[in-house]
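Work through the exercises below with the sequence and the model side by side. Try each task before reading its solution.

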Amino acid sequence: MKTILQINPDKTLSRIAPEIYGQFSEHLGRCIYDGIYVGEDSEIPNVNGMRKDVVEALRDLNLPVLRWPGGCFADEYHWRDGIGPKEKRRRMVNTNWGGTVEDNSFGTHEFMELCEQIGCEPYIAVNLGSGTVQEAAEWIEYMTADGDSTITKQRKENGRTKPWHLKYIGIGNENWGCGGSMSPDFYANEYKRYQCFCKNYGKNQLYKVACGPSAEDYNWTKELMSRIDHCHASGISLHYYTVPGDWEHKGSATDFSDLEYYTTIAKALHIEDIIQKHLSIMDKYDPNHDIDLLVDEWGTWYDVEPGTNPGFLYQQNTMRDAIVAALHLNIFNKHSDRIAMANIAQVVNVLQAMILTEDTKMLKTPTYDVFQMYKEHQGARLVESHIISSCCDSGANINEPVVRYQDIAIPALSESVSITEQNDQKLLTITLANTSLTDSLCVELELHMKYSFTGEASVAMLHGDVHDCNTFDDPDRVRAFASEEEWNGNIQTVTLPACSICRILCHVS
Ligand code: AHR
């Protein structure tokens with residue numbers, strides 16, 4: 001039995017929005033404080049309080065966009081508490097996340113500075129749940145207006161003369177739950193009122209995102225979409241977390257059985273079905289596809305690391321997480337005609353993080369490596385590709401390869417392919433994941449006959465035991481490695497070890 005990936009570079013599809021590779025940062029546990037912001041007086045090397053090691057690691061990913069300040073925190077955040085002299089900033093209780101006291105030392109100026117240091121777009125979630133329309137409107141004015149209104153003068157007095165560029169704003173977060181327990185019709189009306197007063201100042205054009213559904217809540221999508229149109233919103237959000245167990249007993253991040261692994265993978269893959277169903281509802285109300293879908297929270301969610309604060313959502317990250325990330329990103333690439341952004345939760349020290357920190361130490365998780373391997377997809381064009389299994393004896397083509405475990409059946413191979421043009425040369429990025437824990441997979445990459453591979457190909461591989469993770473004592477235990485190979489002709493074979501992710505960069509002509 002042969003597994004073949006057929007690729008036709010002539011069949012280019014949607015552009016993969018770089019923002020699909022976005023991240024999420026919330027005032028939750030040690031994400032902002034410790035993880036990103038340590039203050040200027042810290043012994044940890046920093047630039048204006050931002051950890052140098054973390055900023056550098058995120059720059060290396062070409063991080064396109066960062067969402068802030070939450071999450072549930074967004075709907076109890078009052079932006080005025082986070083501006084002006086730090087010693088005067090209001091101290092509040094972070095009621096969602098461990099009841100810690102938030103000193104607001106990281107506010108709007110600090111977040112915008114962080115985005116400038118990383119080189120990414122800010123994506124700001126405005127408080128609809130416990131805020132006011134005036135407060136939301138004035139935050140937009142504070143950030144984006146020029147001139148000498150009282151509010152812009154205040155920004156200048158606080159050290160920022162020029163307005164910031166701000167494209168993405170979300171209006172509320174999970175307003176069906178922590179953001180106000182609203183019904184969809186009530187939220188839709190509130191949303192319309194809020195968005196009306198979030199103005200475009202000067203050349204700044206806002207891209208407004210309405211709070212969309214959680215997972216399979218198709219009714220929310222239907223009710224929301226029947227009440228808004230593209231004049232109100234450029235996109236709606238979707239949140240979907242991969243939880244191996246149930247919300248009471250989610251399961252351990254590191255100590256899990258094969259059954260829990262395959263359950264996790266099946267649940268991760270379920271996002272494709274969810275996306276398709278929400279998109280088909282959206283199609284009914286928005287047949288011209290003027291409103292995008294943004295998966296602005298996704299990732300694995302386990303029981304917290306033993307001994308850590310349950311409200312801080314700190315978890316380890318293994319090869320299982322790397323496979324989950326690879327599957328999601330391939331699915332998002334394949335739906336890039338409608339998905340304009342995705343933000344994995346969260347960037348540092350929370351849930352499926354890229355980065356973990358402990359005092360002065362910092363490590364990159366296996367999920368980080370997946371984002372590093374996939375970054376060439378950002379802004380490239382999706383290429384049509386198909387997996388087939390061919391029976392060697394008969395030559396007959398049958399369905400794609402499947403892994404079976406007890407009553408679970410999942411595709412063995414996940415893939416996506418994109419293309420860019422560099423100096424008149426076509427560069428393919430092919431990303432593959434083998435979901436089997438036991439079997440390697442030999443994949444024949446078959447270019448359309450018109451094309452052939454031309455010269456050097458870079459093949460990066462991330463694999464290991466599914467439980468492998470990076471620790472502060474062994475920070476590079478799981479790491480992708482790349483090799484250069486000479487590829488010619490229109491067929492090439494790669495062997496994917498069990499539980500692996502592979503990224504190929506190759507020229508074709
Ligand atoms: O990412 C953690 C939390 O998950 C967010 O605050 C909330 O939006 C979601 O329920």
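Four exercises follow, each with a worked solution.

The structure is a predicted model, in which local features need pLDDT of at least 70, side-chain atom pairs count only at pLDDT 80 or more, and totals for chains, interfaces and linings use all residues. Residues are numbered from 1 along each chain as its sequence is written, and side-chain values use heavy atoms, with hydrogens and water left out.

**Exercise 1. The ligand shell**

Task: Describe the residues around the ligand and the polar contacts of its oxygen atoms.

Solution.
Step 1. A residue is near the ligand if one of its heavy atoms lies within 4 Å of it. The shell has 13 residues, and Glu 26, Cys 72, Glu 174, Tyr 241 and Glu 297 come nearest.
Step 2. Sort the shell by residue class: 7 are nonpolar, 3 polar and 3 charged. Here Ala, Val, Leu, Ile, Met, Phe, Trp, Tyr, Cys and Pro count as nonpolar, Asp, Glu, Lys and Arg as charged, and the others, Gly among them, as polar.
Step 3. Look for polar contacts, that is, pairs of N or O atoms within 3.5 Å. A side-chain N or O atom of Glu 26 is 2.7 Å from a ligand oxygen, and for Glu 174 the distance from a side-chain N or O atom to a ligand oxygen is 2.7 Å. At Cys 72 a polar backbone atom takes this role, 2.9 Å from an oxygen atom of the ligand.
Step 4. On its own the ligand has 280 Å² of accessible area, and the protein covers 94% of this. The areas come from the Shrake-Rupley method with a 1.4 Å probe.

**Exercise 2. Strand S16 and its partners**

Task: Find the strands that pair with S16 and name a bridge in each pairing.

Solution.
Step 1. Strands are DSSP runs of E with at least two residues, numbered from the N terminus. S16 spans residues 381–390, and 7 of its 10 residues are buried. Buried means under 20% relative accessible area, exposed over 50%, and partly exposed in between (1.4 Å probe, protein chains only).
Step 2. Two strands pair if DSSP finds at least two bridges between them. S1 (residues 2–15) runs antiparallel to S16, with 9 bridges; Gln 6 has His 386 as its bridge partner in S16.
Step 3. S20 (residues 413–422) is also antiparallel to S16, with 2 bridges. The partner of Leu 382 in S20 is Ser 418.

**Exercise 3. Thr 3**

Task: Is Thr 3 buried or exposed, and which residues does Thr 3 touch?

Solution.
Step 1. Thr 3 belongs to strand S1. Thr 3 counts as buried because its relative accessibility is 6%.
Step 2. Take contact as heavy atoms within 4.5 Å. Leaving out residues up to four places away in sequence, the contacts of Thr 3 include Ile 387, Pro 401, Leu 413 and Val 443.
Step 3. For Leu 413, the separation from Thr 3 is 410 residues in sequence but 8.9 Å in space, C-alpha to C-alpha.

**Exercise 4. Backbone exceptions**

Task: Locate cis peptide bonds and positive phi values in the loops.

Solution.
Step 1. Most residues other than glycine have a negative phi, and most peptide bonds are trans.
Step 2. The Trp 68 to Pro 69 bond is cis, with omega near 5°, and Pro 69 sits in the loop between S5 (65–68) and S6 (92–94). The Gly 70 to Gly 71 bond is cis, with omega near 20°; Gly 71 lies in the loop between S5 and S6.
Step 3. Asp 34 has a positive phi, near 85°, and is partly exposed at 40% relative accessible area. Gln 406 has a positive phi near 45° and is exposed at 60%.

Technical notes
A polar contact is a pair of N or O atoms within 3.5 Å; within protein, one must be able to donate a hydrogen and the other to accept it, and residues adjacent in sequence count only if both atoms are side-chain atoms. Helices (H or I, at least four residues) and strands (E, at least two) are DSSP runs, numbered from the N terminus.
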